[in-house]
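Grab a pencil and work through these exercises with the model open beside you. Try each task before you read its solution.

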Amino acid sequence: MDINLDNVTAYCEQHSDSEDDLLKELARQTHLKTLKPRMLSGHLQGVFLSMMSQLIKPTHILEIGTFTGYSALCLAKGLTENGKLITLDNDPETSVIAKDFFSKSSYKNKIEFISGDAPKIIPTQPYTFDLVFIDADKKNYALYYDLVFDKLKSGSLIIADNVLWSGKVLDLAANDDKDTLNMQAFNEKVANDPRVEKVMLPLRDGITLIRKK
C-alpha cells in the first residue's frame, strides 16, 4: 500500500495538541514574508519540541538558528520559572519577525535573541545548558556540536534538525554537494560518539535526539 506522507502528517497533527493563536499567526506571517517558509519548524515538530522541553524542564536552552522564532516559542514552554532561552541568528530580515513575535509572547522576558556569528558567540556563553537545538547552517553542525558539548551536564539533550536532508543523506553525495556531505558527516559523528545516547527520528526532515551520558 502506498502511503501519502502529507496525509500522514495531517493525521498526526489532527491527533496532537493544536497550535496556539500566536504560533498560527507566526506561521502565516512566515509564509507571507519569507522566501523559504519551509524552514519553519511547523505544527507537528513544534509540538514535539514543546513536549521535549516540558519533559526535562530546562533552566537554560540554547537555540542555534532562530529563523522567524517558531521553534524558540515552542521550546520556551518548558522553561523553569527563572529559565532562559538564548537564540542565535545572523539574518536581519527573519530576525525582525522573530523579535516581533517574541515581544508578543508570554515568554518575552525569558527569550534573549543574539545576532551574530554563532561559532564566535557560543564560547562566550557562561551557562550550562540543559537543552540545545541545532537548526542552522549545515556546514557547521559538527562544529556547533563540539562547541556546546562541554557546556552540557550529564543528561542534557541536543536536538539536531534536518538530519535526513530531504532524503539526500541516503545516497552517495556529489563532491560539490557540500550541505549533504556535511550532514552525512555529522550523522556519522554522532552515531559513533560513545559519550552520548542517540535516536534518529523520521519526523519532518529528520530529528536526532542526543543525550549526553
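A residue is called buried when its relative accessible area is under 20%, exposed when that area is over 50%, and partly exposed in between. Keep in mind that you are looking at a predicted model.

**Exercise 1. Two residues in one loop**

Task: Find Trp165 and decide whether it is buried or exposed. Then do the same job for Ser166: what does its accessibility make it?

Solution.
Step 1: Locate Trp165, which sits in the loop between strand 5 (152-161) and helix 8 (178-191). Ser166 lies in the loop between strand 5 and helix 8 too.
Step 2: Read off the accessibility of Trp165, which is 19%. The cut-off for buried is under 20%, so Trp165 counts as buried.
Step 3: Now take Ser166, with 48% relative accessibility, so it counts as partly exposed.
Step 4: Have a look at the backbone as well. Trp165 isn't a glycine, yet its phi is positive, near 45 degrees. Ser166 isn't a glycine either, and its phi is positive, near 55 degrees.

**Exercise 2. A helix and its surroundings**

Task: Work out how the span of helix 3 fits the expected value, and which of its residues are buried.

Solution.
Step 1: Helix 3 covers residues 42-56, which is 15 residues.
Step 2: At 1.5 Å a residue you'd expect 21 Å, and the distance from the first C-alpha to the last is close to that, at 21 Å.
Step 3: Tick off the buried residues: Gly42, His43, Leu44, Gln45, Gly46, Val47, Phe48, Leu49, Ser50, Met52 and Ser53.
Step 4: Put that together. Because 11 of the 15 residues are buried, helix 3 is largely enclosed by the rest of the structure.
Step 5: Look just past the end of the helix, where Lys57 follows with a positive phi, near 50 degrees.

**Exercise 3. Three serines**

Task: Which residues do Ser41, Ser53 and Ser71 touch, once neighbours up to four places away in sequence are set aside?

Solution.
Step 1: Start with Ser41, in the loop between helix 2 and helix 3. Ser41 has 5% relative accessibility, so it counts as buried. Its contacts are Leu49, Tyr70, Ser71, Phe133, Asp135 and Arg204.
Step 2: Move on to Ser53, which is part of helix 3. Ser53 is at 0% relative accessibility and so counts as buried. It touches Pro58, Ile61, Leu75, Gly78, Leu79 and Leu131.
Step 3: Finish with Ser71, in helix 4 (residues 70-75). Ser71 is buried, with a relative accessible area of 3%. Its contacts are Ser41, Leu49, Glu63 and Phe133.
Step 4: Check the spacing of two of these serines. Ser71 and Ser53 are 18 residues apart along the chain, and their C-alpha atoms are separated by 11 Å.

**Exercise 4. How helices pack**

Task: What is the orientation of helix 2 relative to helix 5, and which residues make the contact?

Solution.
Step 1: Find helix 2 (residues 21-33) and helix 5 (residues 92-104), which pack at an angle of about 165 degrees with their axes 11 Å apart.
Step 2: An angle over 145 degrees counts as roughly antiparallel, so helix 2 is roughly antiparallel to helix 5. Their crossing is right-handed.
Step 3: List the contact. Helix 2 brings Leu22, Glu25, Leu26, Gln29 and Lys33, while helix 5 brings Ile97, Phe101 and Lys104.
Step 4: Sort these residues, and you get 4 nonpolar, 1 polar and 3 charged.

Task: Now try helix 7 and helix 8: at roughly what angle do their axes cross?

Solution.
Step 1: Helix 7 (residues 141-149) and helix 8 have axes that come within 8 Å and cross at roughly 35 degrees.
Step 2: The contact is made by Tyr141, Ala142, Tyr145 and Asp146 of helix 7, together with Met183, Phe186, Lys189 and Val190 of helix 8.
Step 3: Sorting the residues of this contact gives 6 nonpolar, no polar and 2 charged.

**Exercise 5. A serine in a strand**

Task: Is Ser156 buried or exposed, and which residues does it touch?

Solution.
Step 1: Ser156 belongs to strand 5.
Step 2: Its relative accessible area is 1%, so Ser156 is buried.
Step 3: Leaving out residues up to four places away in sequence, Ser156 touches Phe129, Asp130, Ile210, Arg211 and Lys212.

Methods. Residues are numbered from 1 along each chain as its sequence is written. This is a predicted model: local features need pLDDT of at least 70, side-chain atom pairs count only at pLDDT 80 or more; totals for chains, interfaces and linings use all residues. Side-chain values use heavy atoms; hydrogens and water are left out. Helices (H or I, at least four residues) and strands (E, at least two) are DSSP runs, numbered from the N terminus. The expected span of a helix is 1.5 Å times one less than its number of residues. Buried means under 20% relative accessible area, exposed over 50%, partly exposed in between (1.4 Å probe, protein chains only). Axes are lines fitted to C-alpha atoms, for helices over the stretch in contact, and angles run from 0 to 180 degrees between N-to-C directions. Angles under 35 degrees count as roughly parallel, over 145 as roughly antiparallel, 65 to 115 as roughly perpendicular and the rest as oblique. A crossing is left-handed if the near helix is turned anticlockwise from the far one by less than a right angle, and right-handed if clockwise. Contact means heavy atoms within 4.5 Å. Ala, Val, Leu, Ile, Met, Phe, Trp, Tyr, Cys and Pro count as nonpolar, Asp, Glu, Lys and Arg as charged, and the others, Gly among them, as polar.
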